[in-house]
Amino acid sequence: MAVDAPMRQLAHRTGSGESAGGSWNTYALYPIEAPRPVTGRARAELPCPECGEAVAFTIASPAVARRRRRWWRAVAAGPVALAPVLFLPAVAAATTSQAVTLAVLGAALLPVLGAGAYVAWRRAREEDGLRLRRADGIHSLRPAGATSDFSVALEP
């Protein structure tokens, strides 16, 4: 994936509400027209086309964005590499009860490791070297086309 231009866009929250199943938000999305620095990071302020407020960004060079992606991929690979190690003590256990105990503990950790690997891999895919300098609850960064979201209420 190229990192020449940010993949995410400036999102201005245009609506929100609650329903019986949870809450929802809608967003207006705008491309970010900020040049990438050749090296390092640069700060930029762009006016929000929706409200006119200046939104401050930090934008990284392509090299920095690629380095961040590699870091997140390495973080994602950690749990995947650790998974077989969880079961080696079970194979080497002296008794059957020890083996079963260690295998159950290893299996219990697999969902946690899988979730961690998934989150890190997703961060690697979405890394484009762009950050908001301060969150204000109205502006955020969202992928192109992600004009709404819905959060399910978990209460009975």
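Colleague: Which cut-off in relative accessible area defines a buried residue, and is Thr58 in this predicted model buried or exposed?

Modeller: Buried means under 20% relative accessible area, whereas exposed means over 50%. Thr58 lies in strand E4 of a model that is predicted. Because its relative accessibility is 17%, under the 20% limit, Thr58 counts as buried.

Colleague: Which residues are in contact with Thr58, leaving aside its neighbours within four places in sequence?

Modeller: One of the contacts is Arg43, the residue of strand E3 that stands opposite Thr58. Beyond neighbours within four places in sequence, the full list for Thr58 is Arg41, Ala42, Arg43, Gly129, Leu130, Arg131 and Arg133.

Colleague: How many bridges join E3 to E4, and how many residues lie between the two strands?

Modeller: Strand E3 covers residues 41-47 and strand E4 covers residues 54-60; they run antiparallel and are joined by seven bridges. The two strands form a hairpin, and Gly52 in its turn has a positive phi of about 85°. The number of residues between E3 and E4 is six.

Colleague: In what order do the strands of the sheet containing E4 lie, and by what angle are neighbours turned on average?

Modeller: This open sheet has three strands with antiparallel pairing, in the order E3-E4-E5. Its edge strands are E3 and strand E5 (130-132), each of which pairs on one side only. Neighbouring strands of this sheet are turned against each other, direction ignored, by an average of 30°.

Colleague: What is the order of the four-strand sheet, and what is the average angle between its neighbouring strands?

Modeller: The four strands form an open, antiparallel sheet in the order E6-E1-E2-E7. Strand E6 (139-143) and strand E7 (148-152) are the edge strands, each pairing on one side only. With direction ignored, neighbouring strands in this sheet are turned against each other by an average of 40°.

Colleague: Which residue of E6 stands opposite Ala11?

Modeller: Strand E1 (residues 8-19) and E6 run antiparallel and are joined by five bridges. Within E6, the residue opposite Ala11 is Ser140.

Colleague: Which element gives the largest share of the largest nonpolar core?

Modeller: The largest nonpolar core has 10 residues: Leu10, Ile32, Ala34, Ala44, Cys48, Val55, Phe57, Ile59, Leu130 and Leu141. Its largest share, three residues, comes from E4.

Colleague: Which residues are in contact with Val55, apart from neighbours within four places in sequence?

Modeller: Val55 belongs to the largest nonpolar core, as do Leu10, Ala44 and Cys48. Those three are among the contacts of Val55. Leaving aside neighbours within four places, the full list is Leu10, Ala44, Glu45, Leu46, Cys48, Leu132 and His139.

Colleague: Where is Pro37 found, and why does Pro37 count as buried?

Modeller: Pro37 is found in the loop between strand E2 (22-30) and E3. Leaving aside neighbours within four places in sequence, Pro37 is in contact with Ala42, Ile59, Ala60, Ser61 and Pro62. Pro37 counts as buried because its relative accessible area is under 20%, at 14%.

Colleague: In which element is confidence highest?

Modeller: The chain averages a pLDDT of 84, and 92% of the residues score at least 70. Confidence is lowest in helix H2 (residues 96-126), at a mean of 82. The highest value, 91, is that of E4.

Definitions and conventions: Residues are numbered from 1 along each chain as its sequence is written. This is a predicted model: local features need pLDDT of at least 70, side-chain atom pairs count only at pLDDT 80 or more; totals for chains, interfaces and linings use all residues. Side-chain values use heavy atoms; hydrogens and water are left out. Two strands pair if DSSP finds at least two bridges between them. Buried means under 20% relative accessible area, exposed over 50%, partly exposed in between (1.4 Å probe, protein chains only). Contact means heavy atoms within 4.5 Å. Axes are lines fitted to C-alpha atoms, for helices over the stretch in contact, and angles run from 0 to 180 degrees between N-to-C directions. A nonpolar core is a set of buried Ala, Val, Leu, Ile, Met, Phe, Trp, Tyr and Cys residues joined through side-chain atoms within 4.5 Å. pLDDT is the predictor's confidence in each residue, from 0 to 100.
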